[in-house]
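The exercises below concern a single molecular structure. Please examine the sequence and the model before reading each solution.

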Amino acid sequence: MLCAIAKIDSGSTERLAKLRRVANDFGIFPRELHGHITLATYTGEDEAGFIASCKAILSGYQKFTVRYEKVEIWASVPESESIIVAAPQREPVMAAMQKEIARTWAADLNEWTQADVWRPHTTLLYAPGADLAAIAAAMQREFAPFTAQVDRIEFSRVNGEIKTIDFSELN
């Protein structure tokens, strides 16, 4: 799987990482936060074609901001798949970008990044068996809405390999 992700600035990533460390008080020690919002998760075979297509799509866009408004639990069935997220507003630029990628590659995207299903977020915690309600409430008490800058897109493989594309390279 190859993910196209919108990377948030380092100050905002640290702000979310600090919020994520609230889980330490509950005996949960998450790994380092890679501050991003997933735009698309590609599951097809033509990764080079996907990257080239995304570069062409993204060339019509500039840096943009996102406003994180809340921390919430996204419940799932089974419950062990539930997560705590920092949820930004659905910014028009990011939504248009994601929609264009999703429409172009619909047959090869996972179910969560399809155009009509996608919900922008940064995952703060995935901890099966943890009391997510208590942890999310503690995070919410520490949270204040803020604006983050997105100035690059990365293509990241689930195995950790990353290719970065700065918007200045596209225009």
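Three exercises with worked solutions follow.

The model is predicted, so local features need pLDDT of at least 70 and side-chain atom pairs count only at pLDDT 80 or more, while totals for chains, interfaces and linings use all residues. Residues are numbered from 1 along each chain as its sequence is written, and side-chain values use heavy atoms, with hydrogens and water left out.

**Exercise 1.** Determine where Ser82 is found and whether Ser82 is buried or exposed.

Step 1. Ser82 belongs to the loop that runs between strand S3 (64-74) and strand S4 (83-88). Helices (H or I, at least four residues) and strands (E, at least two) are DSSP runs, numbered from the N terminus.

Step 2. The relative accessibility of Ser82 is 5%, and Ser82 therefore counts as buried. Buried means under 20% relative accessible area, exposed over 50%, and partly exposed in between (1.4 Å probe, protein chains only).

Step 3. When neighbours within four places in sequence are left aside, Ser82 is in contact (heavy atoms within 4.5 Å) with Trp74, Ala75, Ser76, Tyr126 and Leu132.

**Exercise 2.** State how many disulfides the structure has, and explain why Cys3 is not bonded to Cys54.

Step 1. A disulfide is a covalent bond between the sulfur atoms of two cysteines. The criterion applied here is a pair of cysteine sulfur atoms within 2.5 Å.

Step 2. Searching the whole structure gives 0 disulfides.

Step 3. For Cys3, the closest cysteine sulfur is in Cys54, at 11 Å, and this is too far for a bond.

Step 4. Cys3 is buried at a relative accessible area of 15%, and Cys54 is buried at 0%.

**Exercise 3.** Identify which parts of the structure the salt bridge between Glu47 and Arg157 ties together.

Step 1. A salt bridge is a side-chain nitrogen of Lys or Arg within 4 Å of a carboxyl oxygen of Asp or Glu. The structure holds 6 of them.

Step 2. In the salt bridge of Glu47 with Arg157, the closest N and O atoms are 2.6 Å apart. Glu47 lies in helix H2 (residues 47-58) and Arg157 in strand S6 (residues 146-157), so the pair ties together parts that are 110 residues apart in sequence.

Step 3. Both partners are partly exposed: Glu47 has a relative accessibility of 22%, and Arg157 has a relative accessible area of 26%.

Step 4. Another salt bridge joins Arg152 to Asp151, with the closest N and O atoms 3.4 Å apart. Asp151, Arg152 and Glu154 are joined into one network by salt bridges that share partners.
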